[in-house]
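Got your viewer open? Here is a short tour, stop by stop, with a note on what to select each time.

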Amino acid sequence: TYTTDTKSRKENKKTIESLYRLSVDIKKIRRLKEWVLLQEVAYVQEIAGILQEMGADEAAVANILERCPEAVLHTPAEMNSQRALWQLVCQNEKQLIKLIEQFPESFFTTEYHVNQKANILFFQELGLKNNIITRFLTSAPNIFYNPVEKNKDIIETLQRNYLSLGGSDANMKIWILKLLSQNPFILLNTSTAIQENLEFLQKNDFTDHEVLQLLSKLKGFIFQLTASTMQESMLFSRRVFNCSDQELRELVLKCPALLYYSVTVLEERLEGLLKEGISVAQIKETPMVLELTTQIVQYRIKKLSALGYDIKSGTLESLNGTKKDFEVNYGKIQLKKERPIFNPVAPIHIED
(Lines give C-alpha, C1' and ligand atoms only; values in the text may rest on other atoms or scores of the structure.)
Protein backbone atom coordinates (compact mmCIF):
# COMPACT_ATOMS: atom_id res chain seq x y z
CA THR A 1 0.00 0.00 0.00
CA TYR A 2 1.41 3.38 -1.00
CA THR A 3 0.74 6.68 0.72
CA THR A 4 -1.54 9.17 -1.03
CA ASP A 5 -0.75 12.17 1.18
CA THR A 6 0.06 14.54 -1.69
CA LYS A 7 0.25 17.73 0.37
CA SER A 8 3.19 16.77 2.57
CA ARG A 9 5.27 15.11 -0.15
CA LYS A 10 7.01 16.25 -3.31
CA GLU A 11 7.24 14.55 -6.68
CA ASN A 12 10.30 12.40 -7.33
CA LYS A 13 12.30 14.36 -9.93
CA LYS A 14 14.33 11.33 -10.96
CA THR A 15 11.13 9.35 -11.70
CA ILE A 16 9.70 12.23 -13.73
CA GLU A 17 12.90 12.70 -15.75
CA SER A 18 13.14 8.97 -16.50
CA LEU A 19 9.49 8.84 -17.62
CA TYR A 20 9.95 11.98 -19.72
CA ARG A 21 12.93 10.38 -21.52
CA LEU A 22 10.64 7.45 -22.40
CA SER A 23 8.08 9.87 -23.96
CA VAL A 24 5.51 9.07 -21.25
CA ASP A 25 2.70 11.63 -20.79
CA ILE A 26 3.48 12.93 -17.27
CA LYS A 27 0.32 15.10 -17.21
CA LYS A 28 -1.81 12.03 -17.67
CA ILE A 29 -0.15 10.29 -14.71
CA ARG A 30 -0.51 13.43 -12.55
CA ARG A 31 -4.20 13.53 -13.38
CA LEU A 32 -4.94 9.84 -12.75
CA LYS A 33 -2.30 8.41 -10.40
CA GLU A 34 -0.16 11.21 -9.03
CA TRP A 35 0.72 9.14 -5.94
CA VAL A 36 3.11 7.07 -8.10
CA LEU A 37 5.24 10.18 -8.74
CA LEU A 38 5.56 10.83 -5.00
CA GLN A 39 7.26 7.54 -4.13
CA GLU A 40 10.90 7.77 -3.08
CA VAL A 41 11.92 4.60 -4.90
CA ALA A 42 10.98 3.72 -8.47
CA TYR A 43 12.51 1.46 -11.13
CA VAL A 44 11.58 3.29 -14.32
CA GLN A 45 14.65 2.46 -16.44
CA GLU A 46 14.83 -1.13 -15.20
CA ILE A 47 11.17 -1.91 -15.91
CA ALA A 48 11.35 -0.18 -19.32
CA GLY A 49 14.52 -2.20 -20.08
CA ILE A 50 12.81 -5.51 -19.29
CA LEU A 51 9.78 -4.58 -21.44
CA GLN A 52 12.11 -3.65 -24.33
CA GLU A 53 14.03 -6.90 -23.87
CA MET A 54 10.71 -8.72 -24.31
CA GLY A 55 10.11 -6.94 -27.62
CA ALA A 56 8.18 -3.78 -26.69
CA ASP A 57 9.01 -0.76 -28.86
CA GLU A 58 9.21 2.81 -27.51
CA ALA A 59 5.51 3.54 -28.14
CA ALA A 60 4.43 0.29 -26.41
CA VAL A 61 6.58 1.02 -23.33
CA ALA A 62 5.15 4.56 -23.07
CA ASN A 63 1.60 3.23 -23.47
CA ILE A 64 2.09 0.57 -20.74
CA LEU A 65 3.58 3.05 -18.26
CA GLU A 66 0.88 5.65 -18.93
CA ARG A 67 -1.92 3.14 -18.36
CA CYS A 68 -0.27 1.47 -15.38
CA PRO A 69 2.35 3.84 -13.92
CA GLU A 70 2.53 1.78 -10.69
CA ALA A 71 4.51 -0.74 -12.78
CA VAL A 72 7.63 1.31 -12.03
CA LEU A 73 7.22 0.66 -8.30
CA HIS A 74 7.87 -3.06 -8.76
CA THR A 75 11.39 -4.36 -8.44
CA PRO A 76 13.08 -5.94 -11.47
CA ALA A 77 13.07 -9.26 -9.54
CA GLU A 78 9.25 -9.09 -9.12
CA MET A 79 8.90 -8.20 -12.78
CA ASN A 80 11.04 -11.14 -13.91
CA SER A 81 9.13 -13.56 -11.65
CA GLN A 82 5.86 -12.38 -13.16
CA ARG A 83 7.34 -12.67 -16.64
CA ALA A 84 8.37 -16.29 -15.99
CA LEU A 85 4.92 -17.04 -14.55
CA TRP A 86 2.98 -15.72 -17.57
CA GLN A 87 5.38 -17.53 -19.91
CA LEU A 88 3.93 -20.79 -18.52
CA VAL A 89 0.80 -20.08 -20.57
CA CYS A 90 1.97 -17.73 -23.34
CA GLN A 91 3.20 -19.13 -26.66
CA ASN A 92 6.11 -16.66 -26.84
CA GLU A 93 7.25 -13.25 -25.64
CA LYS A 94 5.56 -11.56 -28.59
CA GLN A 95 2.19 -12.75 -27.31
CA LEU A 96 3.16 -11.87 -23.74
CA ILE A 97 4.10 -8.27 -24.52
CA LYS A 98 0.88 -7.86 -26.50
CA LEU A 99 -1.10 -9.02 -23.44
CA ILE A 100 0.85 -6.69 -21.12
CA GLU A 101 0.09 -3.78 -23.44
CA GLN A 102 -3.62 -4.62 -23.45
CA PHE A 103 -3.96 -5.55 -19.76
CA PRO A 104 -1.08 -3.96 -17.83
CA GLU A 105 -2.96 -3.85 -14.48
CA SER A 106 -3.45 -7.64 -14.54
CA PHE A 107 0.22 -8.28 -15.25
CA PHE A 108 1.58 -5.85 -12.67
CA THR A 109 -0.49 -7.20 -9.76
CA THR A 110 2.29 -9.18 -8.12
CA GLU A 111 1.10 -9.41 -4.47
CA TYR A 112 -0.53 -12.79 -5.16
CA HIS A 113 2.37 -14.33 -7.08
CA VAL A 114 2.40 -17.60 -5.09
CA ASN A 115 -1.39 -18.08 -5.49
CA GLN A 116 -1.22 -17.14 -9.18
CA LYS A 117 1.42 -19.78 -9.87
CA ALA A 118 -0.39 -22.52 -7.91
CA ASN A 119 -3.67 -21.73 -9.70
CA ILE A 120 -2.09 -21.69 -13.17
CA LEU A 121 -0.63 -25.16 -12.53
CA PHE A 122 -3.98 -26.37 -11.12
CA PHE A 123 -5.89 -25.11 -14.19
CA GLN A 124 -3.38 -26.83 -16.49
CA GLU A 125 -3.78 -30.12 -14.55
CA LEU A 126 -7.55 -29.72 -14.82
CA GLY A 127 -7.22 -29.68 -18.61
CA LEU A 128 -7.85 -26.00 -19.41
CA LYS A 129 -5.98 -24.92 -22.53
CA ASN A 130 -3.31 -22.23 -22.14
CA ASN A 131 -5.21 -19.77 -24.34
CA ILE A 132 -8.19 -20.03 -21.94
CA ILE A 133 -5.90 -19.52 -18.92
CA THR A 134 -4.39 -16.39 -20.51
CA ARG A 135 -7.93 -15.12 -21.08
CA PHE A 136 -8.64 -15.68 -17.38
CA LEU A 137 -5.40 -13.89 -16.37
CA THR A 138 -6.44 -10.80 -18.30
CA SER A 139 -10.23 -10.70 -17.93
CA ALA A 140 -10.75 -12.39 -14.54
CA PRO A 141 -7.42 -11.90 -12.71
CA ASN A 142 -9.01 -12.02 -9.23
CA ILE A 143 -9.74 -15.75 -9.52
CA PHE A 144 -5.96 -16.26 -9.30
CA TYR A 145 -5.77 -14.34 -6.01
CA ASN A 146 -7.70 -17.13 -4.23
CA PRO A 147 -5.60 -19.77 -2.49
CA VAL A 148 -5.57 -22.77 -4.84
CA GLU A 149 -7.34 -24.87 -2.17
CA LYS A 150 -10.43 -22.64 -2.43
CA ASN A 151 -10.61 -23.02 -6.22
CA LYS A 152 -10.13 -26.78 -5.87
CA ASP A 153 -12.96 -26.89 -3.32
CA ILE A 154 -15.35 -25.09 -5.72
CA ILE A 155 -14.44 -27.43 -8.60
CA GLU A 156 -14.95 -30.50 -6.36
CA THR A 157 -18.37 -29.14 -5.26
CA LEU A 158 -19.40 -28.68 -8.91
CA GLN A 159 -18.16 -32.16 -9.85
CA ARG A 160 -19.99 -33.76 -6.91
CA ASN A 161 -23.23 -31.98 -7.78
CA TYR A 162 -22.92 -32.80 -11.48
CA LEU A 163 -22.74 -36.50 -10.67
CA SER A 164 -25.52 -36.36 -8.07
CA LEU A 165 -27.79 -34.65 -10.66
CA GLY A 166 -27.32 -37.56 -13.02
CA GLY A 167 -24.34 -36.35 -15.05
CA SER A 168 -21.98 -39.08 -16.24
CA ASP A 169 -18.33 -39.56 -15.26
CA ALA A 170 -17.42 -39.62 -18.95
CA ASN A 171 -18.89 -36.14 -19.59
CA MET A 172 -17.99 -34.49 -16.29
CA LYS A 173 -14.59 -33.11 -17.33
CA ILE A 174 -15.98 -31.59 -20.55
CA TRP A 175 -18.90 -30.08 -18.61
CA ILE A 176 -16.65 -28.51 -15.94
CA LEU A 177 -14.19 -27.10 -18.51
CA LYS A 178 -17.02 -25.64 -20.60
CA LEU A 179 -18.65 -24.08 -17.52
CA LEU A 180 -15.35 -22.54 -16.40
CA SER A 181 -14.53 -21.24 -19.89
CA GLN A 182 -17.94 -19.55 -20.10
CA ASN A 183 -17.87 -18.10 -16.60
CA PRO A 184 -14.59 -18.19 -14.61
CA PHE A 185 -16.19 -15.94 -11.96
CA ILE A 186 -17.96 -19.05 -10.71
CA LEU A 187 -14.77 -19.55 -8.66
CA LEU A 188 -15.47 -16.39 -6.65
CA ASN A 189 -18.51 -18.07 -5.06
CA THR A 190 -18.53 -20.26 -1.99
CA SER A 191 -19.36 -23.96 -1.90
CA THR A 192 -22.27 -23.12 0.43
CA ALA A 193 -23.81 -20.66 -2.07
CA ILE A 194 -23.55 -23.22 -4.88
CA GLN A 195 -25.23 -25.87 -2.71
CA GLU A 196 -28.02 -23.52 -1.58
CA ASN A 197 -28.90 -22.43 -5.13
CA LEU A 198 -29.08 -26.00 -6.41
CA GLU A 199 -31.26 -27.00 -3.45
CA PHE A 200 -33.57 -24.04 -4.18
CA LEU A 201 -34.20 -25.34 -7.72
CA GLN A 202 -34.83 -28.87 -6.45
CA LYS A 203 -37.26 -27.59 -3.80
CA ASN A 204 -39.16 -25.85 -6.62
CA ASP A 205 -39.65 -29.25 -8.27
CA PHE A 206 -37.18 -28.90 -11.14
CA THR A 207 -36.00 -32.42 -11.95
CA ASP A 208 -32.27 -33.25 -11.71
CA HIS A 209 -32.08 -33.26 -15.51
CA GLU A 210 -33.76 -29.81 -15.65
CA VAL A 211 -31.38 -28.41 -13.02
CA LEU A 212 -28.41 -29.55 -15.15
CA GLN A 213 -30.09 -27.95 -18.18
CA LEU A 214 -30.42 -24.64 -16.32
CA LEU A 215 -26.80 -24.73 -15.16
CA SER A 216 -25.62 -25.15 -18.73
CA LYS A 217 -28.03 -22.58 -20.19
CA LEU A 218 -27.14 -19.97 -17.56
CA LYS A 219 -23.41 -20.73 -17.93
CA GLY A 220 -23.00 -20.97 -14.18
CA PHE A 221 -24.31 -17.42 -13.58
CA ILE A 222 -27.00 -19.02 -11.43
CA PHE A 223 -24.41 -19.24 -8.64
CA GLN A 224 -24.13 -15.47 -8.54
CA LEU A 225 -27.78 -15.26 -7.47
CA THR A 226 -29.41 -15.96 -4.14
CA ALA A 227 -32.40 -18.15 -3.33
CA SER A 228 -34.42 -15.06 -2.31
CA THR A 229 -33.81 -13.13 -5.57
CA MET A 230 -34.68 -16.22 -7.64
CA GLN A 231 -37.84 -16.67 -5.58
CA GLU A 232 -38.87 -13.02 -6.16
CA SER A 233 -38.30 -13.31 -9.93
CA MET A 234 -40.32 -16.53 -10.13
CA LEU A 235 -43.21 -15.06 -8.11
CA PHE A 236 -43.22 -12.03 -10.42
CA SER A 237 -43.37 -14.25 -13.53
CA ARG A 238 -46.14 -16.41 -12.04
CA ARG A 239 -48.21 -13.28 -11.34
CA VAL A 240 -47.62 -11.65 -14.74
CA PHE A 241 -48.25 -14.77 -16.82
CA ASN A 242 -50.97 -16.10 -14.49
CA CYS A 243 -49.60 -19.62 -14.71
CA SER A 244 -49.41 -22.82 -12.68
CA ASP A 245 -46.19 -24.09 -11.06
CA GLN A 246 -45.71 -26.55 -13.91
CA GLU A 247 -46.19 -23.83 -16.57
CA LEU A 248 -43.79 -21.57 -14.68
CA ARG A 249 -41.08 -24.25 -14.69
CA GLU A 250 -41.59 -24.71 -18.43
CA LEU A 251 -41.28 -20.94 -18.99
CA VAL A 252 -38.07 -20.79 -16.92
CA LEU A 253 -36.57 -23.70 -18.89
CA LYS A 254 -37.48 -21.92 -22.13
CA CYS A 255 -36.14 -18.61 -20.85
CA PRO A 256 -33.72 -18.89 -17.87
CA ALA A 257 -33.58 -15.06 -17.85
CA LEU A 258 -36.86 -15.24 -15.85
CA LEU A 259 -34.79 -16.72 -13.04
CA TYR A 260 -31.62 -14.71 -13.60
CA TYR A 261 -32.89 -11.13 -13.95
CA SER A 262 -34.16 -9.15 -10.99
CA VAL A 263 -37.82 -8.10 -10.73
CA THR A 264 -36.82 -4.50 -11.55
CA VAL A 265 -35.18 -5.54 -14.85
CA LEU A 266 -38.06 -7.87 -15.80
CA GLU A 267 -40.63 -5.15 -15.01
CA GLU A 268 -38.83 -2.59 -17.15
CA ARG A 269 -38.52 -4.97 -20.12
CA LEU A 270 -42.11 -6.13 -19.84
CA GLU A 271 -43.34 -2.53 -19.71
CA GLY A 272 -41.25 -1.70 -22.82
CA LEU A 273 -42.86 -4.57 -24.75
CA LEU A 274 -46.40 -3.67 -23.66
CA LYS A 275 -45.83 -0.04 -24.76
CA GLU A 276 -45.04 -1.36 -28.25
CA GLY A 277 -48.52 -2.95 -28.33
CA ILE A 278 -47.27 -6.49 -27.66
CA SER A 279 -49.59 -8.59 -25.49
CA VAL A 280 -48.74 -10.62 -22.37
CA ALA A 281 -50.02 -13.71 -24.24
CA GLN A 282 -47.43 -13.12 -27.01
CA ILE A 283 -44.65 -12.72 -24.44
CA LYS A 284 -45.77 -15.90 -22.65
CA GLU A 285 -45.56 -17.73 -25.98
CA THR A 286 -42.02 -16.41 -26.67
CA PRO A 287 -40.56 -15.44 -23.23
CA MET A 288 -36.99 -15.34 -24.64
CA VAL A 289 -37.80 -11.81 -25.84
CA LEU A 290 -37.27 -10.72 -22.20
CA GLU A 291 -33.57 -11.49 -22.62
CA LEU A 292 -33.34 -8.37 -24.82
CA THR A 293 -33.05 -4.82 -23.51
CA THR A 294 -35.88 -2.37 -24.23
CA GLN A 295 -33.61 -0.38 -26.59
CA ILE A 296 -32.79 -3.48 -28.68
CA VAL A 297 -36.49 -4.44 -28.86
CA GLN A 298 -37.49 -0.92 -29.99
CA TYR A 299 -34.75 -0.88 -32.65
CA ARG A 300 -35.78 -4.29 -34.04
CA ILE A 301 -39.50 -3.46 -34.07
CA LYS A 302 -38.74 -0.22 -35.95
CA LYS A 303 -36.71 -2.12 -38.59
CA LEU A 304 -39.39 -4.78 -39.04
CA SER A 305 -42.20 -2.16 -39.20
CA ALA A 306 -40.37 -0.42 -42.07
CA LEU A 307 -40.81 -3.67 -44.03
CA GLY A 308 -44.52 -3.68 -43.23
CA TYR A 309 -44.18 -6.50 -40.68
CA ASP A 310 -46.79 -6.09 -37.92
CA ILE A 311 -45.32 -7.38 -34.68
CA LYS A 312 -48.63 -7.02 -32.81
CA SER A 313 -50.38 -9.64 -34.90
CA GLY A 314 -47.40 -11.85 -35.71
CA THR A 315 -45.05 -13.99 -33.67
CA LEU A 316 -42.23 -12.51 -31.57
CA GLU A 317 -39.79 -15.12 -32.89
CA SER A 318 -38.50 -12.62 -35.47
CA LEU A 319 -37.38 -10.30 -32.62
CA ASN A 320 -35.41 -13.00 -30.82
CA GLY A 321 -31.81 -14.06 -30.74
CA THR A 322 -28.41 -12.46 -31.08
CA LYS A 323 -27.69 -9.55 -33.41
CA LYS A 324 -26.59 -12.07 -36.06
CA ASP A 325 -29.79 -14.16 -35.64
CA PHE A 326 -31.93 -11.06 -36.03
CA GLU A 327 -30.10 -9.90 -39.16
CA VAL A 328 -30.64 -13.33 -40.76
CA ASN A 329 -34.40 -13.25 -39.94
CA TYR A 330 -34.66 -9.65 -41.12
CA GLY A 331 -32.94 -10.57 -44.39
CA LYS A 332 -35.42 -13.42 -45.00
CA ILE A 333 -38.44 -11.13 -44.38
CA GLN A 334 -36.94 -8.46 -46.66
CA LEU A 335 -36.31 -11.01 -49.42
CA LYS A 336 -39.86 -12.35 -49.12
CA LYS A 337 -41.24 -8.82 -49.47
CA GLU A 338 -39.09 -7.99 -52.52
CA ARG A 339 -39.58 -11.28 -54.38
CA PRO A 340 -42.77 -11.33 -56.55
CA ILE A 341 -45.16 -14.20 -55.87
CA PHE A 342 -44.78 -16.78 -58.66
CA ASN A 343 -47.85 -18.76 -59.65
CA PRO A 344 -46.73 -21.90 -61.58
CA VAL A 345 -50.17 -22.48 -63.15
CA ALA A 346 -50.83 -18.91 -64.32
CA PRO A 347 -51.03 -18.56 -68.16
CA ILE A 348 -48.01 -16.97 -69.81
CA HIS A 349 -48.87 -14.11 -72.18
CA ILE A 350 -46.61 -14.07 -75.22
CA GLU A 351 -47.05 -11.46 -77.89
CA ASP A 352 -47.02 -12.70 -81.51
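## Stop one: a serine under cover

Start by selecting Ser237, which is buried, with a relative accessible area of 1%. What you have on screen is a predicted model, so read every number on this tour as computed from that prediction. Ser237 sits in helix α14, residues 227-241.

Now bring up what surrounds Ser237. Setting aside neighbours within four places in sequence, its contacts are Asn242, Cys243, Leu248, Leu258 and Leu266. Pick Leu248 from that group and draw a C-alpha to C-alpha distance from Ser237: you should get 7.4 Å, for two residues 11 apart in sequence.

## Stop two: a threonine in a loop

Next, select Thr286. Which two helices does the loop holding Thr286 lie between? They are α18 (280-285) and α19 (294-306). Is Thr286 buried or exposed? With a relative accessibility of 2%, Thr286 falls under the 20% cut-off, so it counts as buried.

Show the contacts of Thr286, again skipping residues up to four places away in sequence: you will find Thr315, Leu316, Glu317 and Asn320.

## Stop three: along and around α19

From that loop, move on to α19 and select 294-306. This helix has 13 residues, and from first C-alpha to last it reaches 18 Å, close to the 18 Å expected at 1.5 Å a residue.

Colour the buried residues of α19: Thr294, Val297, Arg300, Ile301 and Leu304. Then turn the view to look down the helix axis; these buried residues fall within an arc of 130°, so they line one face of α19. Swing round to the face turned away from that buried side, where the exposed residues Gln295, Lys302 and Ala306 are found.

Before leaving, click on Gly308, which follows α19 and has a positive phi, near 85°.

## Last stop: zoom out

Show the whole chain as a cartoon: there are 20 helices and zero strands. The C-alpha trace spans about 85 × 70 × 45 Å along its principal axes. The radius of gyration is 28 Å, whereas a compact globule of 352 residues would have one near 20 Å.

Switch on the surface, and about 19,400 Å² of it is accessible, with 53% belonging to carbon and sulfur atoms. Of the 352 residues, 43% count as buried. For contacts between residues at least 6 apart in sequence, 73% join residues at least 24 apart.

Definitions and conventions: Residues are numbered from 1 along each chain as its sequence is written. This is a predicted model: local features need pLDDT of at least 70, side-chain atom pairs count only at pLDDT 80 or more; totals for chains, interfaces and linings use all residues. Side-chain values use heavy atoms; hydrogens and water are left out. Helices (H or I, at least four residues) and strands (E, at least two) are DSSP runs, numbered from the N terminus. Buried means under 20% relative accessible area, exposed over 50%, partly exposed in between (1.4 Å probe, protein chains only). Contact means heavy atoms within 4.5 Å. The expected span of a helix is 1.5 Å times one less than its number of residues. The arc is that of the directions from the helix axis to the C-beta atoms. The radius of gyration is taken over C-alpha atoms; the globule rule is 2.2 Å times the number of residues to the power 0.38. Accessible areas come from the Shrake-Rupley method with a 1.4 Å probe; for residues, only the protein chains shown count as cover.
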